[in-house]
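Here is my note on the side-chain contacts and the empty space in this model. Please read it with the structure open.

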Amino acid sequence: MSTERISRLKSALFEAQREISLERALLYTESHQQTEGEHTLIRRAKATAHVMDQVAISIRDDELIAGNRTIKPRAGIVSPEMDPYWIEKELDIFESRPQDKFYISDEDKAVYKETLLSYWSQRSMKDFINAQIPDNVKHAVSEKVFSVNQTDKGQGHIIIDFDRLLQNGLGALTDEMSTLATVNADNEFYSSVLILLEASTRHIRRYGKLARNMAEQCESVERAAELTRIADISAKVATEKPGDFYEACQLFWYMNIVLQYESNASSLSLGRFDQYMMPYYQASLDKGESAAFLQELLESLWVKTNDIVLLRSSSSAKFFAGFPTGYTILLGGLTENGRSAVNTLSSLCLDAYQSVQLPQPNLGVRVNEFIDRAFLNKTAETIRLGTGIPQIFNDEVVVPAFLNRGVSLEDARDYSVVGCVELSIPGKTYGLHDIAMFNLLKVMELVLKRNKDNQEVSFDSLLTEIRADICEYVKLMVEGSNICDVGHRDWAPVPLLSSFINDCIENGKDITYGGGRYNFSGVQGIGIANLSDSLMALKRFVFEEKRMSFAEFIDVLESNFEGKDGEKVRARLMNRYEKYGNDIDEVDALGADLLRLFCKEVETYENPRGGYFTPVHTRFRHTFRLVLLSERHLMAD
């Protein structure tokens, strides 16, 4: 049951309409205009530092945790340095589009066009990537065989090493970086990290000063005491490591806000919160802090994660409506030694979700044979709420899978999740998750269409062509993905984030340069369920039952089943033939063989960071129908 404070905080998030804020973009641009000729790492660092120094800040009523990306709740921010064009195209429809509406004033529309668009046109990361993509890759993308993602926003889908932040504090990290930058004066990475660590301290001190001023002017004695505590904690964690749960939560949230200023990306995920926060929770209990207050503090933090919303294009919002920001947390799991990692905070995190019931953080639970029964029951109780949270991840499958990718056993046992369900090693992996999506079903469609007038066509010959085309299109997909990878390196490195990824400091490299320990590029194969169903229906209807010729069949598909007997054909295809996922070997094997080919082919390619491509199979939905050659029926699964 939420406290009155938590209820008020929740209500305040949704009282006003969502707006678009140009403040971060204008400050970033202002700095960028003053650093022409400097190294990209330094320019990025100075621009982000300028944002932290100049952006307006606030502490809202009832807040126990300070730190807001924008003055107004749930405001979207823009990153024209990544891609200024899609925003300009949608300025007049943000307020009326079907999903994730935002208000932007006519004045701000004019500012965007006259100031931001005019400066970033031909200067953005999108411009660089588009100029490098060859025509054959562009053609494949236009045919919707695959998409190359991450071309319009900063890099996310990553988990920083929160232990490094909390166990050292910003002061010690700044001292370390100052030494490295002095000894390695020609290393722009160290210099850029130093700029940002120092700016982070200044930013946090701004909040401390604000809280102190607000406390002095506050008429409520109780609220003044709360603000004074925020001021004291902010003053401490600006340089020192936290000593209890309140201090740890505050530093944790400040860093999340700062990383949003640097990257403005989705899924700067939160990792194994119950593991790295448990020592601080226990420290607070040992100091005599009440469990009830600590629970309210945790719920306050859960509410805060819903203040960050992503401004997406209309096409993206169509699939990701509701602001799944990617503040993903996994609870439970295994320790480094392979024992159950469930602790007191694991259960309290679920209690906080049951109380708050907002989409973020997106909780998941790791299960294994050692899992505590009471915690498993609480997980089931939470699932029974019907919100889809928490997700479940099986350690006994995931850990061996990471070992198969060359990850050490200790690191594999420490896995967590970024984004929706993408697996990652906290503080050690730059996985470029979702760098591309590959539509296996579309490959089949193109092969069928190409063979319409082939008198010698057979089911086996079609499968042979599909296999060959998958290999060829994977090659093109990798080429486009690697160009995007280089684009992030040359246009949008993330030095502060990189400083919290293991081995970047030792290597003196940003993650986009290959500084991290594990350097994957994750691509998703989609459409396998409908591919299997479609192949089976084709095999039965045309080649075994011979109900019509192949050319006639393609005519029916191209007409969208609207010709003579078209509806009867469609009904038979949908209802009479075996379907994927029903434990029928023949139909399952059709998709499995092609999916295995896709995965094996993807794994042969290397990315510019010295890592390898990693295939993933994603199935968003499975509809029992043939979905070929028809605008109305075709979908990317």
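1. Start with Lys 72. Its relative accessibility is 44%, so Lys 72 counts as partly exposed. Bear in mind throughout that the model is predicted. The side chain of Lys 72 meets that of Glu 19 in a salt bridge, at 3.0 Å from N to O. Glu 19 sits in the loop between α1 and β1 (20–21), and Lys 72 in the loop between α3 (40–54) and β2 (76–77), so the pair ties together parts that are 53 residues apart in sequence. Glu 19 is partly exposed as well, at 22% relative accessibility.

2. Next, a salt bridge within one helix. Arg 8 and Glu 4 meet through their side chains, with 3.9 Å from N to O. The two are four residues apart in helix α1 (residues 4–14), and are therefore separated by about one helical turn. Glu 4 is exposed, with a relative accessible area of 63%. Arg 8 is partly exposed, at 40%.

3. Now a buried case. Asp 411 forms a salt bridge with Lys 428, and the closest N and O atoms are 2.5 Å apart. This pair links distant parts of the chain. Asp 411 belongs to helix α18, while Lys 428 is in the loop between β10 (422–424) and β11 (429–430), 17 residues apart. Asp 411 and Lys 428 are both buried.

4. On networks: Lys 539, Arg 540, Glu 544, Glu 578 and Glu 586 are joined into one by salt bridges that share partners. The structure holds 42 salt bridges. As background, side chains of opposite charge can pair when their charged atoms come close.

5. Turn to the rings. How many aromatic pairs does a search of the whole structure find? The count is 22. In one of these, the ring centres of Phe 245 and Tyr 281 are 5.5 Å apart and the planes stand at 90°, so the pair is edge-to-face. Phe 245 is in helix α11 (residues 245–263) and Tyr 281 in helix α12 (residues 273–286), so the contact ties together parts that are 36 residues apart in sequence. Phe 245 is buried, at a relative accessible area of 0%. Tyr 281 also counts as buried, at 4% relative accessibility.

6. Phe 438 and Phe 598 make a tilted pair, because their planes are at 40°, with the ring centres 5.1 Å apart. Phe 438 lies in strand β12 (residues 436–439) and Phe 598 in helix α26 (residues 585–602), so parts that are 160 residues apart in sequence are tied together. Phe 438 is buried, with a relative accessible area of 0%. Phe 598 is buried too, at 0%.

7. Two arginines deserve a look. The charged end of Arg 366 sits over the ring of Tyr 415, 3.9 Å from its centre. Arg 18 lies over the face of Phe 102, at 5.5 Å from the ring centre.

8. One aromatic cluster is made up of Phe 162, Phe 252, Phe 273, Tyr 276 and Trp 302. Two of its members turn up again below. Tyr 276 is among the residues closest to the centre of the second largest pocket, and Phe 162 helps to line the largest cavity.

9. The second largest pocket holds about 480 Å³ of space. Its lining has 22 residues, and those closest to the centre are Asp 163, Arg 272, Gln 275, Tyr 276 and Asp 414. Which helix gives the most to this lining? It is α12, with four residues. Helices α8 (162–183), α12 and α18 (409–412) each supply at least two. By class, the lining has nine charged, seven nonpolar and six polar residues.

10. Last, the enclosed space. The structure holds one cavity of 30 Å³ or more. The volume of the largest cavity is about 30 Å³. Its lining consists of Ile 158, Ile 160, Phe 162, Asn 256, Leu 259, Leu 268 and Ser 269. At least two of these residues come from α11, and at least two from β5 (268–269). Five of the lining residues are nonpolar, two are polar and none is charged.

Terms used
Residues numbered from 1 in each chain as written. Predicted model: local features only at pLDDT ≥ 70, side-chain atom pairs only at ≥ 80, totals over all residues. Heavy atoms only, no water. Phe/Tyr/Trp six-rings, centres within 6.5 Å; stacked < 30°, edge-to-face > 60°. Buried < 20%, exposed > 50% of the residue type's maximum accessible area, 1.4 Å probe, protein only. Lys NZ or Arg CZ within 6 Å of the ring centre and 35° of its normal. 1 Å grid on protein atoms, 1.4 Å probe; cavity = no way out; pocket = protein on both sides within 12 Å on 5 of 7 lines; lining within 4 Å. Points joined across faces, edges and corners; volume = space filled by probe spheres on them. Nonpolar A, V, L, I, M, F, W, Y, C, P; charged D, E, K, R; others polar. Salt bridge = Lys/Arg side-chain N within 4 Å of Asp/Glu carboxyl O.
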